[in-house]
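Me: Can you walk me through this one? Short answers are fine.

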Amino acid sequence: MNRRELLLVLGGALAVPLILRAQQKAVPVIGFFNPTSPGSLAPFVAAFRQGETGYVEGQNLAFEYRWAEGRYDRLPALAADLVVRNVDLIAADGIPAALAAKTATSTIPIVFAVGDPVDLGLVASLARPGGNLTGVSTMAPELSPKRLELLSELVPQVGVIALLVNPNNSNTERTTRDMQEAARAKGVQLHILTAGTESEIDAAFATLVQLHAGALVVGGDPFFANRREQLATLAATRGVPAIYQSREFAEAGGLISYGLNFTAAFRQVGIYGGRILKGVKPDDLPVQQPTTFELVVNLKTAKALGLTVPPSILARVDEVIE
């Protein structure tokens with residue numbers, strides 16, 4: 001073999017690994033980022049995957065899951081870790097996760113499901129988000145006064161109502177302010193209770209009884225969504241009528257819920273995630289707002305509490321659990 005033939009052989013041998021690497025290009029990776037734990041989020045994760053048309057986890061898509069297990073103080077480090085791993089997209093559930101992700105990166109696209117993204121400074125506007133974030137607004141702050149109104153309609157004789165909020169949620173101040181205004185308009189007294197851990201939820205219910213609050217509004221928060229069985233059980237044990245942010249609470253034994261369909265919201269976030277992976281810029285995807293909300297009543301719980309659901313509410317319900 002002469003020198004020219006040897007160079008051709010060596011050149012071909014060196015080219016083979018490069019060709020193979022090109023053929024085996026790594027699949028895109030999504031960092032699924034949540035302040036709570038995976039158990040209660042399984043249906044929403046599944047809905048997110050369904051929205052990613054053309055992508056299948058384990059085939060042409062990979063996930064890096066990060067769960068804060070209710071410890072919101074862990075979120076910045078978890079977000080930073082996803083950035084270090086150079087994921088292609090971050091899916092952030094809830095305000096604390098979205099804010100941590102925004103702080104961690106201005107280049108990796110972020111899709112979210114949060115309350116009011118404009119008020120929180122996540123996006124410039126709903127129509128033109130700007131920057132690297134877009135997603136779905138859950139309208140959590142706007143819906144809290146409506147929940148107070150529904151609860152007052154369900155138990156009109158109650159003059160003292162409690163509001164349970166998570167002090168670690170950036171929406172808490174606005175929710176509290178809006179609810180105090182709504183309570184004044186209704187002529188009821190409102191007590192604010194806070195809880196950011198499982199034990200604090202137990203303590204909040206003990207305080208609720210001491211304050212002689214006759215009903216409870218549970219604020220919208222990922223941690224509360226993850227503790228819905230605990231909240232529904234405590235409300236039943238204490239004999240307190242309570243209203244919650246989504247149907248999952250009523251399905252877990254809660255009395256009544258009013259809010260958007262979170263399964264549909266996560267599917268929309270997944271649709272946006274899939275489009276971004278295919279090259280669409282977040283700024284070209286307007287933040288979506290829900291146009292319909294679900295009212296769900298658990299009649300079994302109402303009976304256990306000795307309540308008769310008025311016809312005015314039954315006429316509007318989307319689902320009755322018996």
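**Helix packing, cores and loops**

Reply: Ala101 is buried, at a relative accessible area of 0% (buried is under 20%, exposed over 50% and partly exposed in between, with a 1.4 Å probe and protein chains only). This is a predicted model, where local features need pLDDT of at least 70, side-chain atom pairs count only at pLDDT 80 or more, and totals for chains, interfaces and linings use all residues. Residues are numbered from 1 along each chain as its sequence is written, and side-chain values use heavy atoms, with hydrogens and water left out.

Me: Where is Ala101 placed?

Reply: Ala101 is in helix 4. Helices here are DSSP runs of H or I with at least four residues, strands are runs of E with at least two, and numbering starts from the N terminus.

Me: And what is Ala101 in contact with, leaving aside neighbours within four places in sequence?

Reply: Phe33, Ala79, Ile90 and Ile110. Contact means heavy atoms within 4.5 Å.

Me: How far apart in space are Pro76 and Ala101?

Reply: 7.4 Å, C-alpha to C-alpha, with their positions 25 residues apart in sequence. Pro76 is in helix 3 and is partly exposed, with a relative accessible area of 49%. For Ala101 and Leu61, the separation is 40 residues in sequence and 21 Å in space, again C-alpha to C-alpha.

Me: At what angle do the axes of helix 3 and helix 4 cross?

Reply: Roughly 50 degrees, and the axes come within 8 Å; helix 3 covers residues 75–84 and helix 4 residues 95–104. That makes helix 3 oblique to helix 4. The axes are lines fitted to C-alpha atoms, for helices over the stretch in contact, and angles run from 0 to 180 degrees between N-to-C directions. Under 35 degrees counts as roughly parallel, over 145 as roughly antiparallel, 65 to 115 as roughly perpendicular, and the rest as oblique.

Me: Which residues meet there, helix 3 against helix 4?

Reply: From helix 3, Leu75, Pro76, Ala79, Ala80 and Val83; from helix 4, Pro96, Ala97, Ala100, Ala101 and Ala104. The contact divides into ten nonpolar residues, no polar and no charged. Nonpolar covers Ala, Val, Leu, Ile, Met, Phe, Trp, Tyr, Cys and Pro; charged covers Asp, Glu, Lys and Arg; the others, Gly among them, are polar.

Me: New topic. Which residues touch the most other members of the largest nonpolar core?

Reply: Phe33, Ile90, Leu164, Ile201, Leu216, Phe224 and Leu231, out of 46 residues. Helix 4 gives the most to this core, with five residues. A second, separate core has 29 residues, including Leu150, Leu154, Met179 and Ile243. A nonpolar core is a set of buried Ala, Val, Leu, Ile, Met, Phe, Trp, Tyr and Cys residues joined through side-chain atoms within 4.5 Å.

Me: What about phi of Glu69?

Reply: Phi of Glu69 is near 55 degrees, a positive value in a residue other than glycine. Glu69 lies in the loop between strand 2 (62–67) and helix 3, and is partly exposed at 48% relative accessibility.

Me: And His212, where is that found?

Reply: In the loop between helix 7 (198–210) and strand 8 (215–218). Phi of His212 is near 60 degrees, also a positive value in a residue other than glycine. His212 is exposed, with a relative accessible area of 67%.

Me: Last one: is Thr172 buried or exposed?

Reply: Buried, with a relative accessible area of 14%. Thr172 is in helix 6 (residues 172–186) and touches Val165, Asn166 and Pro167, not counting residues up to four places away in sequence.
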